[in-house]
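Got the viewer open and a selection box ready? Here's a short walk through the model, one pick at a time.

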Amino acid sequence: MRSWDPAEDDQEIEEFVTQLRNRLYAGKKEYGDKSFEKLWDALHQERLEEAFDVAGWSFVMWAKLKRLNGLQ
């Protein structure tokens with residue numbers, strides 16, 4: 001796998017930004033603009049919870065791959 005090169009990978013950046021934009025619009029549609037009304041401490045807590053969610057899903061993916069490959 002080659003390293004990331006901004007000059008060659010603009011399409012990947014655009015795809016990432018598009019997916020991010022879509023998630024923001026979906027969140028606004030589902031929850032409204034409530035996030036912008038939250039206090040800083042509440043936003044920080046949400047961010048921490050999301051970080052644990054990402055870590056948890058990463059563990060699930062790791063465990064499934066390990067089991068699929070018979071690496072118990």
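Start by selecting glycine 32, which comes just after α1. Check its backbone torsions: phi is positive there, at about 75 degrees. Keep in mind as you click around that this is a predicted model.

Now step back and select residues 10-31, which is helix α1. The helix has 22 residues, and its first and last C-alpha atoms are 31 Å apart. That is close to the 32 Å expected at 1.5 Å a residue.

Stay in α1 and pick lysine 29, which sits in this helix. Is its side chain buried or exposed? Lysine 29 counts as exposed because its relative accessibility is 78%, and the cut-off for exposed is over 50%. For a distance check, draw a line from its C-alpha to that of alanine 63: the two are 34 residues apart in sequence and 34 Å apart in space.

Next, move to lysine 28, also in helix α1. With a relative accessible area of 46%, lysine 28 is partly exposed. Try another C-alpha pair here: lysine 28 to tryptophan 57 gives 24 Å, across 29 residues of chain.

Which residue does lysine 28 form a salt bridge with? Add aspartate 33 to the selection: that's the partner, and the closest N and O atoms are 4.0 Å apart. Aspartate 33 is partly exposed too, at 40% relative accessibility.

How many salt bridges does the count come to? The count is 2, so select glutamate 46 and lysine 38 for another one to look at. Here the N to O distance is 2.7 Å. Both ends are partly exposed: glutamate 46 has a relative accessible area of 34%, and lysine 38 has 33%.

Now select residues 40-68, helix α2. This helix has 29 residues, and at 1.5 Å a residue it should span 42 Å. Its end C-alpha atoms are in fact 42 Å apart, so expectation and model agree.

Inside α2, click glutamate 49. Its relative accessible area is 42%, which makes it partly exposed. From the C-alpha of glutamate 49 to that of leucine 65 you should get 24 Å, with the pair 16 residues apart along the chain.

While a helix is on screen, one thing is handy for reading side-chain directions. An α-helix has 3.6 residues a turn, so residues three or four places apart point the same way.

Carry on past the end of α2 to glycine 70, just after the helix. Phi is positive at this glycine, at about 65 degrees.

Finally, clear the selection and zoom out to the whole chain. There are 2 helices and 0 strands. Along its principal axes, the C-alpha trace spans about 45 × 35 × 20 Å. The radius of gyration is 18 Å, whereas a compact globule of 72 residues would have one near 11 Å.

Switch on a surface if you like. Buried residues make up 3% of the 72 residues. The accessible surface comes to about 7400 Å², and carbon and sulfur atoms account for 60% of that.

Last stop: colour by charge. You'll find 11 positive and 15 negative side chains, and the centres of these two sets lie 8 Å apart.

Technical notes
Residues numbered from 1 in each chain as written. Predicted model: local features only at pLDDT ≥ 70, side-chain atom pairs only at ≥ 80, totals over all residues. Heavy atoms only, no water. Helix = DSSP H or I, 4+ residues; strand = E, 2+ residues; numbered from the N terminus. Buried < 20%, exposed > 50% of the residue type's maximum accessible area, 1.4 Å probe, protein only. Expected span 1.5 Å × (residues − 1). Rg over C-alpha atoms; globule rule 2.2 N^0.38 Å. Areas by Shrake-Rupley, 256 points an atom, 1.4 Å probe, with all protein chains shown as cover. Lys, Arg positive; Asp, Glu negative; His and termini not counted. Charge placed at Lys NZ, Arg CZ, Asp CG, Glu CD. Salt bridge = Lys/Arg side-chain N within 4 Å of Asp/Glu carboxyl O.
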